[in-house]
Amino acid sequence: MKRRHFLGLALSLAAGPSIARTTPEKPRILTLRHLHTDEKLTVTYRIGDRYQRPALHKLNWFLRDFRSQDVTVIDPKLFDILYDINSRLGNPEGTVEILSAYRSPETNAMLRRSSNGVARNSLHMSGQALDIRHGYASTRRVCDCAESLGRGGVGHYSGSDFVHVDTGEVRRWGA
């Protein structure tokens, strides 16, 4: 009997990791609230190391330019940053508040005319940046968590009470 059990175990291990796996791949779930549209979205965007295409489509629409309704492909690495910030803050299911996501070139130009803080070649225009806030943590804590990830730009806008995160070069700015 013991030999059969051992043989069965050996065969299952030899068959590959898909048969031998005993724990399911962990889903990554995000809950977002867009502060300009008051839309809310909870979505499983990734399971294990596989991004979920239908979820990415929902996220692309949710993070559209709310002024023009233009949509682009949002860099999925941004979602990993949001998820990892939530995890480091100890609230993996916490709501991320979105202040700014994709911006069409026209929207970005309009914002540049009315504010000094808008970059000419903003990563918002390529779907690589988000301006966020968390209702359960200070923007200082969010900023520190984002910076500790070492994945892209992090800007702390304490006067406006939000944090910019992007998937560009690693850098930090703000107070």
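Biologist: Is arginine 64 buried or exposed?
Modeller: This is a predicted model, and local features are read from it only at pLDDT of at least 70. Buried means under 20% relative accessible area. Arginine 64 has 7% relative accessibility, so arginine 64 counts as buried.

Biologist: Which residue meets the side chain of arginine 64 in a salt bridge?
Modeller: Arginine 64 lies in the loop between α3 (53-62) and α4 (76-88). The partner lies in the loop between β1 and β2 (40-47), so the pair ties together parts that are 25 residues apart in sequence. The N to O distance is 3.1 Å, and the partner is glutamate 39.

Biologist: Is glutamate 39 buried or partly exposed?
Modeller: Under 20% relative accessible area would make a residue buried, and over 50% exposed. Glutamate 39 has a relative accessible area of 24%, so glutamate 39 is partly exposed.

Biologist: Where does the salt-bridge partner of arginine 50 lie?
Modeller: The side chain of arginine 50 meets that of glutamate 25, at 2.7 Å from N to O. The pair links distant parts of the chain, 25 residues apart. Arginine 50 is in strand β3 (residues 50-51), while glutamate 25 is in the loop between α2 (17-20) and β1 (27-34).

Biologist: How many residues apart in sequence are the parts that arginine 133 and aspartate 161 tie together?
Modeller: The two side chains meet in a salt bridge of 3.7 Å, N to O. Arginine 133 lies in strand β5 (residues 129-134), and aspartate 161 lies in the loop between β6 (153-157) and β7 (162-166). The parts they tie together are therefore separated in sequence by 28 residues.

Biologist: Which residues do salt bridges that share partners join into one network?
Modeller: A search of the whole structure finds 14 salt bridges. Where salt bridges share partners, they join one network made of Arg28, Arg46, Asp80, Asp84 and Arg151.

Biologist: Why is cysteine 145 not bonded to the closest cysteine sulfur?
Modeller: A disulfide needs two cysteine sulfur atoms within 2.5 Å. The closest cysteine sulfur to that of cysteine 145 is in cysteine 143, which is too far for a bond because the distance is 9.4 Å.

Biologist: How many disulfides does the structure hold?
Modeller: Cysteine 143 is in no disulfide. For the whole structure, the number of disulfides is 0.

Biologist: How many helices and strands are there in the protein chain?
Modeller: Along the sequence, the pattern is α-α-β-β-β-α-α-β-α-β-α-β-β-β. That gives 6 helices and 8 strands.

Key: Residues are numbered from 1 along each chain as its sequence is written. This is a predicted model: local features need pLDDT of at least 70, side-chain atom pairs count only at pLDDT 80 or more; totals for chains, interfaces and linings use all residues. Side-chain values use heavy atoms; hydrogens and water are left out. Helices (H or I, at least four residues) and strands (E, at least two) are DSSP runs, numbered from the N terminus. A salt bridge is a side-chain nitrogen of Lys or Arg within 4 Å of a carboxyl oxygen of Asp or Glu. Buried means under 20% relative accessible area, exposed over 50%, partly exposed in between (1.4 Å probe, protein chains only).
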